[in-house]
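User: Hey, I'm new to this one. Can you walk me through it?
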Amino acid sequence: MMIRNIAAVVGLTVLSISVQAQYTSTFDSNNESWRFATMASPFNSGSGPAYPGTTVVGAPFLGGLGNPPGSIGVTSDIVDYQYFLTPLAWNGNRSSLMNGSITWDYYYTTTAPWNNAWGDIAIRDTLNNRWIVADVTAVSPTAGVWNTFSVNLDPSTAWKIGSTAGALATNGQILAALTNMGGVYFRGEVVAGMVETYRLDNVHWKGPVIPEAGTMASFGSFLATGLFWLRRRIKA
Ligand SMILES: [Ca+2]
Ligand SMILES: [Ca+2]
């Protein structure tokens, strides 16, 4: 009896973990159905720009450019404010990605300073008709190189409601945005009114790291066996 229980404990120490649902875009050969949204304003005041934007088109694919090639992006001076937008197929209930993270690579060049006051990433909550917005650039990112940014999908990232000027989002408001997910918007635009270059590559949207379901089932069964054995020992 004792040896069998020790064996069970040893087995349990090999706990396996898995990363739940995950999206990855590296734009190796096409734009992977990513979109390119023009907004009437950046996410820097009030409740933010109108959803989904004044125009939403397919993101321009850059086959020869990227980290490594390709990527999506433009070199242009398009009126208003451009954001890269996740594929339509990603919309919906993404609550399983709560407590996960998003990382992405961003490249830009410009002849005018980066405007640091805007939100860098926004998620649309289509039920409550609001944005959650994060500014991940405490200082201007370096021009002419690939910068890696990341956010956590929990309150350890300072998500704001509507815009960078909004109230801090609660755990429940972050979860609501993921549950009613109408698109993740990644900042492209550097500064208004200038010809500039901006590109996006290597988007990784990971879920939380959790024990595998099978492991949890084994763990539960081990606990039941262990408690039964312990109860027998106490009675004896
Ligand atoms: Ca790439
Ligand atoms: Ca900033």
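User: Start small: what is the bridge partner of Leu62 in strand 6?
Analyst: That's Ser71. Strands here are DSSP E runs of at least two residues, and helices are H or I runs of at least four, numbered from the N terminus. One caution: this is a predicted model, where local features need pLDDT of at least 70 and side-chain atom pairs 80 or more, while totals for chains, interfaces and linings use all residues. Residues count from 1 along each chain as its sequence is written, and chains are lettered from A and ligands numbered from 1 in the order written.

User: How do strand 5 and strand 6 run, and how many bridges join them?
Analyst: Antiparallel, with three bridges between residues 61-66 and 69-76. They make a hairpin with two residues in between.

User: New topic: what order do the seven strands of the open sheet take?
Analyst: 4-3-7-13-9-10-12, with antiparallel pairing (strands pair if DSSP finds at least two bridges between them). Strand 4 (55-58) and strand 12 (160-161) are at the edges with a single partner strand each, so one side of each has no neighbour in the sheet.

User: And which residue does Ala122 bridge to in strand 13?
Analyst: Tyr185. Strand 9 and strand 13 pair over four bridges, antiparallel.

User: What else does Tyr185 contact, leaving aside neighbours within four places in sequence?
Analyst: Its contacts include Ala37, Tyr83, Leu85 and Ile121 (contact means C-beta atoms, placed from the backbone, within 7 Å).

User: Which residues are buried in helix 2?
Analyst: Ile174, Ala176, Ala177 and Leu178. Buried means 20 or more other C-beta atoms within 10 Å of a residue's own, with C-beta atoms placed from the backbone. Strand 9, strand 10 and strand 13 are among what covers them.

Methods
A residue is buried if 20 or more other C-beta atoms lie within 10 Å of its own, exposed if 12 or fewer, and partly exposed in between; C-beta atoms are placed from the backbone. Two residues are in contact if their C-beta atoms, placed from the backbone, lie within 7 Å.
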